[in-house]
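Here are some short questions and answers on how side-chain contacts get their labels. Each answer sets a value against a cut-off.

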Amino acid sequence: SKPIQVKKGEKYYLVLDNVYPDGKGHTIKFSYVRDVEMRGVVTDDNNKPIKAEVYVEDMNGLQVQKTESDSITGEFKLAAKLNESTAYTLTTYSDSSFISSKMINVDDLAKTNYKLNDIKVILPILKGGKKYVLGAINFYGNLSKLLPQSIPSVIALTKLMKRNKKMVISIEGHVNSPGNPNVEFNNDLSVRRAKAIYGYLVSKGIEKERMSTIGFGSLHMLYPNAISEEHQEANRRVEINVISVK
């Protein structure tokens with residue numbers, strides 16, 4: 001539900017209706033909208049400051065706030081009202097560069113007084129024959145279903161493909177499977193993950209002939225001995241190989 005402005009002296013009632021027979025009740029979590037301030041600098045992979053669009057999105061890809069980095073210094077400043085109970089993505093975009101997506105957890109910012117300073121964003125220059133890892137295109141375990149927090153990254157990739165109309169890519173799928181000998185299942189799952197991104201891009205109007213898919217199973221895990229959920233999630237990914245730009 002959306003936040004409401006409260007007034008001194010008024011009473012408020014939260015009414016919950018258990019509509020399911022033999023229901024087990026409800027869990028209620030209260031959260032606050034916080035004023036979050038972000039400062040940083042955007043450079044290319046040669047450490048040269050560049051002008052870029054910088055925006056905060058929720059998990060549905062809805063833009064919450066937007067600014068631009070300075071073309072001379074690469075610096076940017078952004079202020080947004082963010083809900084503690086919602087995850088967000090900080091996306092940085094430039095037509096001639098690959099994109100960057102970083103997760104923002106508002107709860108974790110309490111210890112810094114809801115300020116993110118010294119953010120360093122590197123946007124690699126787009127080149128044919130180069131492979132790029134786009135943060136946060138990850139999947140549920142053993143499935144080709146995207147995690148909700150991956151949606152903004154896929155939307156940003158769509159935007160990049162639309163702005164660079166001659167860009168051709170290979171979508172490469174990967175799985176998390178330390179010590180798992182089930183090669184056939186791993187390869188099939190990695191292909192299905194690549195095709196999931198392919199299908200999404202096609203549905204958004206990207207031409208099929210500009211994309212191909214391949215699965216590598218567990219051959220190229222970022223964390224071969226992944227134990228933590230964070231490392232396992234990082235292994236369940238796709239990477240974008242830019243075949244050509246022009």
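Q: What makes two rings an aromatic pair, and how many such pairs does a search of the whole structure find?
A: Rings of Phe, Tyr and Trp pair if their centres lie within 6.5 Å. The search of this predicted model finds 1 aromatic pair.

Q: Why is the pair of Phe98 and Tyr132 called stacked?
A: The centres lie 4.5 Å apart, with 15° between the planes. Planes under 30 degrees apart count as stacked, so the label fits.

Q: What makes this a link between distant parts of the chain?
A: Phe98 lies in the loop between strand E5 and strand E6. Tyr132 lies in strand E8, and the two are 34 residues apart. Phe98 is buried, and so is Tyr132.

Q: How confident is the predictor about E8?
A: Among the elements of the protein chain, E8 has the lowest mean pLDDT, 82. Strand E10 has the highest, 96. The chain averages 89, and 98% of the residues score at least 70.

Q: How do you know that Arg34 and Glu84 form a salt bridge?
A: Their closest N and O atoms are 3.0 Å apart. The cut-off is 4 Å, so the pair qualifies. Arg34 is in strand E1, while Glu84 is in the loop between strand E4 and E5, 50 residues away.

Q: Why is Glu84 called buried or exposed?
A: Glu84 has a relative accessible area of 14%. Buried means under 20%, so Glu84 is buried. Arg34, at 27%, is partly exposed, because that value falls between 20% and 50%.

Q: What makes Lys66 and Glu53 a salt bridge?
A: The N to O distance is 3.9 Å. That is within 4 Å, so the contact counts. Lys66 in strand E3 and Glu53 in strand E2 are 13 residues apart. Lys66 is partly exposed at 40% relative accessibility, whereas Glu53 is buried at 13%.

Q: Where in the chain do Asp188 and Arg192 lie?
A: Both are in helix H2, 4 residues apart, about one turn of the helix. Their closest N and O atoms are 2.9 Å apart, in a salt bridge. Asp188 is partly exposed at 41%, and Arg192 is partly exposed at 31%.

Q: Which residues do salt bridges with shared partners join into one network?
A: The network holds Glu53, Lys66, Asp95, Lys159 and Arg163. The whole structure has 14 salt bridges.

How values were computed: Residues are numbered from 1 along each chain as its sequence is written. This is a predicted model: local features need pLDDT of at least 70, side-chain atom pairs count only at pLDDT 80 or more; totals for chains, interfaces and linings use all residues. Side-chain values use heavy atoms; hydrogens and water are left out. Rings of Phe, Tyr and Trp (its six-membered ring) pair if their centres lie within 6.5 Å; planes under 30 degrees apart count as stacked, over 60 as edge-to-face and the rest as tilted. Buried means under 20% relative accessible area, exposed over 50%, partly exposed in between (1.4 Å probe, protein chains only). pLDDT is the predictor's confidence in each residue, from 0 to 100. A salt bridge is a side-chain nitrogen of Lys or Arg within 4 Å of a carboxyl oxygen of Asp or Glu.
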